[in-house]
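Open the model in a viewer and keep the selection panel at hand. The stops below are meant to be taken in order.

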Amino acid sequence: MPTAPCFYIKMNNDVIGQIELSRFPFVIGRARECDYVLDTEGVSRQHLQIDFDQRQLTVRDLDSRNGTFLNQERMVPQQKYLLRANDELTIADTVTLIFDDPATTSQIDIEQYLNVGLRIDVERGEGYINDKRLDPPLSPSQILLLQLLLRNEGVVVTRDEIRQHVWGEGMMVSDQAMDALVSRLRKRLHEADPEHEYITTRRGFGLIFHNRRPGVPPNNR
C-alpha cells in the first residue's frame, strides 16, 4: 500500500503500474522532462498537472490535444479540479489513472479494478468476464476482434480495421462472414454477462466497445 498519494495506471482493463506523487507541481505527459513520462499514443507532451493547493490536490489539463476526462466528464483546459480518492482521469481514451490518497479513509480496493469487466489473455487465447474464464474458450478470431476493440475502447472501429486485424491485410472477407463473427461474439458475451452490452454498432461506421467499470451501472441498452 502506498504511503503517498498516487495514481494506478489502467490500460485495456488491466492495472499495469503506479505513479507516486512525490513532489508538486507534478506533470504527466510524453516529454522527457515531465515528472512522469507516459509514452502512449494520444498523450500530449505535457498533458496534465497535479498541484498541492492549501492542503488539497488539484488537477488541470494543460491544453492537451485529445483532452482529459475526470470521471467521464471532459475537463476545461487550464481549469483546476479538486482530486478525491477513487477519482478516474481518462487520457486520450487510452489510459485511465485511478487516484488513491492514503490520507483519506476512502482508499480504493485495487482488486476491484482487476476483477470487473472483460479482459483477455491473447497468448493463452482466453477471455475473462468479472474474473471468470469464458468456457468453452473463445475462438482465435474472437480473441483477435476483442483485442482490437479493447485497444480502442469507446472509439469507433471500422470494418476495414477489423478485417485487417483479424484476417490480415489484403484478405478478401465478406460482410456476411464479419457479421457472423460479431454476432457469435456478442452472444458469448451476453451469455456470460447479460446485464451489460459490451459491443454496440454505429450504423455506417463500425463497432464501439464499452467495458464495465467499477461502481458504474451496467450499460444495458
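The tour goes from one strand to its partners, then to a pocket.

This is a predicted model, in which local features need pLDDT of at least 70 and side-chain atom pairs count only at pLDDT 80 or more, while totals for chains, interfaces and linings use all residues. Residues are numbered from 1 along each chain as its sequence is written, and side-chain values use heavy atoms, with hydrogens and water left out.

Select residues 95-100, strand β11 (strands are DSSP E runs of at least two residues, numbered from the N terminus). Six of its six residues are buried (under 20% relative accessible area with a 1.4 Å probe, protein chains only). V95, L97 and F99 lie on one side, and T96, I98 and D100 on the other.

Add residues 6-11, strand β1, which pairs antiparallel with β11 over five bridges (pairing requires at least two DSSP bridges). Here K10 stands opposite T96.

Next, show β10, residues 88-91, joined to β11 by four antiparallel bridges. L89 has L97 as its bridge partner. Three residues separate the two strands in this hairpin, where A92 has a positive phi near 55°.

A92 also leads to the second largest pocket: with E41, D93, T94 and R151, A92 is among the lining residues nearest its centre. The lining has 13 residues: four nonpolar, six polar and three charged. At least three come from each of domain 1 (6-104) and domain 2 (116-209), with bounds from an automatic or database domain assignment.

Key. Buried < 20%, exposed > 50% of the residue type's maximum accessible area, 1.4 Å probe, protein only. 1 Å grid on protein atoms, 1.4 Å probe; cavity = no way out; pocket = protein on both sides within 12 Å on 5 of 7 lines; lining within 4 Å. Nonpolar A, V, L, I, M, F, W, Y, C, P; charged D, E, K, R; others polar.
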